[in-house]
Amino acid sequence: MATKVVMEALSPTMEEGRLVKWLKNEGDAVKSGDILAEVETDKAVMELVARGDGVVRKRLANEGDASPVGTLLAIIAAPDEDIDSIVAEAGAAATAAPGAPGEPQGEASTPPPGGGETAPARSAAAVAPVALPAPPMPPRGAGAPRPQAPGQPAQPAPPPPQTGANGRQRSSPLARRLASDRGIELALVRGSGPGGRIVKRDIETAVAAAAARPKTAAAPPVKRLISREGDYQDIPLTQIRKMIARRLAESLGPVPTFYLTAEFDMGRASEMRAAFKEIGDDFKVSYNDIVLKAVANALADHPEVNAHWMGDRIRHFNRVHVAMAVAVEEGLITPVIFDADRKTLSDISREARQLADLARQRKLTPEQYTGATFSVSNLGMLDIVEFTAIINPPEAAILAVGGVEAKPVVVDGNVVVRERMRVTMSCDHRVVDGATGARFLQALRRLIENPLLLVL
Amino acid sequence: MSSYDVIFIGGGPAGYVGAIRAAQLGMSVAVVEREGLGGTCVLWGCIPAKALLESASLASKVRKAADFGISVGETKFDYGVAMKRSRAVATQNSKGVEFLFKKHKIAWIKGTAKLAGKNSVSVKTADGKEEKHDAKKAVVISTGSRVKGLPQAGLELNKKTVISSDEALILESAPKTMAIVGAGAVGCEFADVFSAFGTQVTLIDIAPTILPLEDADCSAELTKSFRKRKIDVVTGAKIGNVKVGAGSVSMTLDAGGKTQTLEVEQVLVAAGRAPNIEDLGLKEAGVQLTDQGFVKINERMETTAKGIYAIGDVAGPPMLAHKGQREGVVLAELLAGDPHVRLMNYGNIPNATYCHPEVASVGLTEQQCKDKKLDYKVGRFPFSASGRARTSGETEGFVKIIRDSKYGEILGAHIIGSHATEILHELVVARANEFTVDEVDLAIHAHPTLSEAVAEACLDSLGKVIHL
């Protein structure tokens, strides 16, 4: 019994994945649970696991290909099992993936005349349902034809595929061979045989129809440009970048955001930090750990900020799950510290470090980066004193933490040098009002400026 | 005077099967049949012929019985007795159809019908009465075909010395000498039968081969087998100087540049059958004929007159019982308004010739593939290499598969040998489902069977035959 290896939704938000590396070859024996490949999702590089025993009979995706969730990537079956029908269905389901056999290779967008420029690279994700608008061609004379929007074959909508009563008889063996050879997608062919079966004449009709259609620009092959020649380089979007783009674009537009900035005195926090360091390296605690713990405790007392916008209502959470933004090579990811209010400072310190490491190695599981009630972003280590962060919907707010810096401040009428840290909270006005936010920041101040309270 | 949904004129395989299907689908049906139910097939064709062939086969086996450890004493071969048995079998089958009619409440109107305008039929019954019957949905012409002579060659049927299959099936004894003019399925079958019963047979055809509609390789193999059995085969022959006497017929045969004179007791003309289109009032009803004289129909078996349909031999070639039967079924389903009707696939009708060795085929011959300029490959497996064939001592013949080079589509399948007409069917099923030669081999064929040769021929066409 063949096992279909499909692109699984490895996270709730995942819509497509990019196959980074095959770990098994065609012909390798595998058992249920063996790792077949590494797949890059919107958040991390995940392992694709075999869900059946057998031999990897066929690999249907290439390294570097991005495929929508549900795409057939490989087939595990007995060594002599007939997998033609499964392969044929896969051939049918594949959309205009670059390099697919038999695809009519329409004119790729020709490079504009002049210079060492190359046509704008389109990522392999061009075929994904997450359709990106076509980047505008550089205005360079009449030579360059306008490329089609990626992922949208510019043909008249094909007839809806017939579902035969008995799925196994959807197409005759001969029809499948013809279709595979001529690059016809079985899923789009209407069957005229018994029970809606696709038979030879249906493929012949489809071939004739395809020949009659004007040739369209197929999605150009993926180009990864690392050279530094020319006026610019285009970097293809990684999954993370796409996810960031999408999610945060969803934030600023619809979310009525306002910003509250407060400056905290870090004197006592600084002392606490130094004191821990003196005890030993095992007890090291960072400013960020202190901030996270303080935020968690403050949120526990302010459920109206520890909240989500649910569209038709607001949800105040009783548990506190704080996401901490971690910069990774490709962008940003936010692992979550669950029930942070109930964890000790050292727990949080340890966990934060572990999660950051995992994040940088792209090894976070979906469970580890979803489910936050509130987010904290810290750019202090990069010498930012103040910034505004973008809310992660449906969260109600996000705290942007700047660096700790020595500054002259006025205390009791005198100018003194104190260590100060600015935070800016972005708030969704549908959930949090100015006063509400301000009151939360007051609570936060009390905890950060009196960090001994965090030990209680 | 009765009213029915459908009236069939003619109760042969097309008519009676169509009637049964129509009755199954809830229509009220009448069949006008002046002779016996089952038509030519049951009474004057398939059934009695196969019964006689069975006798012939037994005769051949008996002649070899000693090899198999059976000593047979003095054996007599009595055609008259064989003939009587064949009549009994034919009658039994006809009674079977009568029983089926009763079961399905189909009315059998015994008489001769004529179209009487506006979907009604007038019948002259056996006792001279005239009746009129209405058909609410359809009148179906299923009058079949009849034997014919070769007047242009001087061979009009006289039922004595120049006979047709009708007479041959009721001869009291096998003649000493016989010329069979026409080496299609009928001619070859009778050549086999009479030869088995001691007749010196000369099988003649104007075409370059016997069984001219079959693949040339099969024709050649059968010719070889016939000649071994002392059946004289003369092909590419022009008949001349026919002299019909009281107890014999003489003629000259021009073939291959040579002329020979032939004198025989009887000449059996088996050069085709004529569609029964006379005295039906077709012209008045607006039913047109084709150039060949058949009733003109479209793929839904409609004639050029509304409400009138035609199926079976009268509606055109191939003049095969199973073709008529299937047309009857399809027509009944069309009349019942079945949305899932599968129309006739004339490209996948099997041909079967039941002489020894049997010849069966479906699809294109190799010559037709050449004429169509198809890119094909041939696979062959001779029965001489078949274990099962050797056990039964029937090692004549082969399985020949013609497949499309690129996709393995089965373009044609041709089998000559013992049980060919039976083992062909897996290939008919394969072609009906667009299986390629690979799918045929996908099925494990039991060993030792003759059917294995079918799978092996498929493998041969792929270059991977095992037992050769």
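## Exercises on a two-chain model

Of the 468 residues in chain B, 49% count as buried. The model is predicted.

**Exercise 1.** State what share of the residues of each chain is buried, and give the helix and strand counts of each chain.

*Solution.* Start with chain B: the buried share is 49% of 468 residues, and the chain holds 15 helices and 22 strands. Then take chain A: 37% of its 456 residues are buried, with 10 helices and 18 strands in the chain. A residue enters these shares if 20 or more other C-beta atoms lie within 10 Å of its own.

**Exercise 2.** Among contacts with a separation of 6 or more, find the percentage due to residues 24 or more positions apart in each chain.

*Solution.* For chain A, the percentage is 67%. For chain B, it is 64%.

**Exercise 3.** Describe the nonpolar cores: which residues of the largest one touch the most other members?

*Solution.* The largest core has 144 residues, and the members with the most partners in it are B:V140, B:I180 and B:V181. Helix α6 (residues 185-196) of chain B supplies the largest share of this core, eight residues. Next, list the surroundings of B:V140, leaving out residues up to four places away in sequence: its contacts are B:V6, B:F8, B:I9, B:G15, B:G18, B:Y309, B:A310, B:I311 and B:L331. A second core, separate from the largest, has 83 residues, among them A:M7, A:I240, A:A352 and A:V432. As background, nonpolar side chains in soluble globular proteins tend to be buried together.

**Exercise 4.** Work out the strand order of the open three-stranded sheet in chain B, and explain why β12 and β14 each have one side without a neighbour.

*Solution.* The order is β12-β13-β14, and the pairing is antiparallel. The strands β12 (238-244) and β14 (258-264) of chain B are at the edges; each has a single partner strand, so one of its sides has no neighbour in the sheet. From one strand to the next, the twist averages 15°. Now look at one pair: β12(B) and β13 (residues 249-255) of chain B are antiparallel and joined over five bridges. Within this sheet region, B:K238 is opposite B:D254 of β13(B).

**Exercise 5.** How many residues of each chain take part in the contact between chains A and B, and which element of chain A contributes the largest share?

*Solution.* Nine residues of chain A contact eight residues of chain B. On the chain A side, helix α2 (residues 173-182) gives the largest share, five residues. Sorted by class, that side consists of six nonpolar, one polar and two charged residues.

How values were computed:
Residues numbered from 1 in each chain as written. Chains lettered and ligands numbered in written order. Predicted model: local features only at pLDDT ≥ 70, side-chain atom pairs only at ≥ 80, totals over all residues. Contact = placed C-beta atoms within 7 Å. Helix = DSSP H or I, 4+ residues; strand = E, 2+ residues; numbered from the N terminus. Nonpolar A, V, L, I, M, F, W, Y, C, P; charged D, E, K, R; others polar. Pairing = 2+ DSSP bridges. Axes fitted to C-alpha atoms, helices over the stretch in contact; angles between N-to-C directions. Core = buried A, V, L, I, M, F, W, Y, C linked by C-beta atoms within 7 Å. Buried ≥ 20, exposed ≤ 12 C-beta atoms within 10 Å, placed from the backbone.
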